[in-house]
Amino acid sequence: MGSASGGTAGGTTSALLGAVAFSCAVATFGASPIDGFDFPDAAAAERYQALLSEFRCPKCLNESLASSGAPIAVDLRRTVRRLMAAGAADDEIRAHLRARYGDFVLYDPPLRPGTWLLWFSPLALAGVAVAVLARAGFRRRGTALTGAEHERVVRLLDRNP
Amino acid sequence: MSRLQRLLPVAAFGVLAGILYLGFTLRDPKLLPSALVGHPFPEFDLPTLGAPPGRATRADLVGEVRLVNVWATWCPTCLAEHGELARIRREAGMSIIGVNYKDDPADARAWLSRHGDPYDFNVVDAAGDLGVDLGVYGAPETFLVDAGGTIRYKRVGEVDRRVWDEEIAPLLAQLGAAGDG
């Protein structure tokens, strides 16, 4: 007890600090290794996390493999670990899952004819928007008043001072 | 206002309506297109569910057109489609291999003796590794595998009479072999 000399108040404070430190440690731990798996080094654990966040859980539509508790996500995480342990490169792991579950498992789908609509439709929409705005801009610049129109505007404005 | 400009909102509406209409024609968004159709059935070496458990590999599967049905006792839809699988076995003479997926073998054996066993044999995929190799993300899933061991078709969800009549049977006719039926 380092705080024994500080009396009761000091002891309470350090206990409190200890509790906070402990819960932070638990929170950090809870956020990273899923399925209670230990990696040989921190780099491997980091690589594992990075890979998992690239894959979508096939069962749950909008959850990554890293965050999903679905049984299939557990199986796929085990598969990723097995491939990592076998020395597979990141690309090989991506290809392995994609061969089985299709582009759907990748949050960053590859560019190929089937995904052109997905990749290029935002660009096309932006192009349409630019074209419409440009047209509107040109038109506004082209609407200078003729002399007669200008006189009429002045007349109308003068009528109600 | 030019005519083009007046048509612009109508055109925009038309495009939007078209896209939304296409949305209606999509099937269940949870259905993933299968990446494995046209590819060889994966290698496996797993225990069988038989009374004295043996082992089965991919070699036991090739040589005949078969259905491979991924099922489990915890899967209510599997029970719902069980009658249709029995009918397919009985009436079409189709060979059906079961993959007992993430299940307890004793439960599975009891389930089969209670509800009938349409399978030629079952392999026990307790960990789900064959499931991963098959791109399985839920049970039931059913694969049509040709005599050469290539996956020709995959059904996610129940195989019912409609799926058989409209999807599997026509494919079998194309393959030119429907077991002995």
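Strand β5 of chain B, residues 121-125, is mostly covered, with four of its five residues buried (buried means 20 or more other C-beta atoms within 10 Å of a residue's own, exposed means 12 or fewer, partly exposed is in between, and C-beta atoms are placed from the backbone). Strands here are DSSP runs of E with at least two residues, helices are runs of H or I with at least four residues, and both are numbered from the N terminus. The model is a predicted one, where local features need pLDDT of at least 70 and side-chain atom pairs count only at pLDDT 80 or more, while totals for chains, interfaces and linings use all residues. Residues are numbered from 1 along each chain as its sequence is written, and chains are lettered from A and ligands numbered from 1 in the order in which they are written.

What does β5(B) pair with? Its parallel partner is β4(B), residues 95-101, over five bridges (two strands pair if DSSP finds at least two bridges between them). Within that pairing, Val99(B) is bridged to Val123(B) of β5(B). Add helix α3(B), residues 105-115, and β4(B), α3(B) and β5(B) give a right-handed β-α-β unit; right-handed means that, with the strands pointing away from the viewer, the path from the first strand over the helix to the second runs clockwise.

Zooming out, β5(B) belongs to an open sheet of five strands with mixed pairing, in the order β5-β4-β3-β6-β7 of chain B. The edges are β5(B) and β7(B), residues 151-156, each of which pairs on one side only. On average, neighbouring strands of this sheet are turned by 20° against each other, direction ignored (axes are lines fitted to C-alpha atoms, for helices over the stretch in contact, and angles run from 0 to 180 degrees between N-to-C directions). Over at the β7(B) edge, β6(B) and β7(B) run antiparallel and are joined by five bridges, and Thr142(B) has Arg155(B) as its bridge partner in β7(B). Helix α5(B), residues 161-175, packs on the sheet and touches β6(B) and β7(B), its direction making about 175° with that of β7(B); contact means that the C-beta atoms of two residues, placed from the backbone, lie within 7 Å.

A few loops of chain B deserve a look. Lys102(B) sits in the loop between β4(B) and α3(B), and has a positive phi of about 45° although it is not a glycine. Is this loop residue buried or exposed? Lys102(B) counts as buried because it has 21 C-beta neighbours inside 10 Å. Another backbone oddity is the cis peptide bond between Ala139(B) and Pro140(B), with omega about 0°. Pro140(B) belongs to the loop between α4(B), residues 129-133, and β6(B), residues 141-145. For context, most residues other than glycine have a negative phi, and most peptide bonds are trans. Ala147(B), in the loop between β6(B) and β7(B), is partly exposed because it has 13 C-beta neighbours inside 10 Å. Its C-alpha atom is 5.5 Å from that of Val62(B), although 85 residues separate the two in sequence.

Chain A is another story, with six helices and zero strands. Of its 161 residues, 12% count as buried. Among contacts in chain A with a separation of 6 or more, 34% are between residues 24 or more positions apart. Val105(A), in the loop between α4(A) and α5(A), residues 116-141, is buried, with 23 other C-beta atoms within 10 Å. Leaving out residues up to four places away in sequence, Val105(A) touches Phe55(A), Arg56(A), Pro58(A), Leu97(A) and Arg98(A). The C-alpha atoms of Val105(A) and Lys59(A) are 9.8 Å apart, with their positions 46 residues apart along the chain.As for the interface, 14 residues of chain A are in contact with 13 residues of chain B. On the chain A side, α3(A), residues 71-85, and α4(A), residues 90-101, each supply at least two residues, and α3(A) gives the largest share, five residues. This side of chain A divides into eight nonpolar, two polar and four charged residues (Ala, Val, Leu, Ile, Met, Phe, Trp, Tyr, Cys and Pro count as nonpolar, Asp, Glu, Lys and Arg as charged, and the others, Gly among them, as polar).

On confidence, the model scores ipTM 0.74 and pTM 0.70. Chain B averages a pLDDT of 88, and 92% of its residues score at least 70 (pLDDT is the predictor's confidence in each residue, from 0 to 100). Over residues 177-181 of chain B the pLDDT is below 50, and this stretch has 15 contacts in the model beyond near neighbours in sequence. Where pLDDT is low, the predicted coordinates should not be read in detail.
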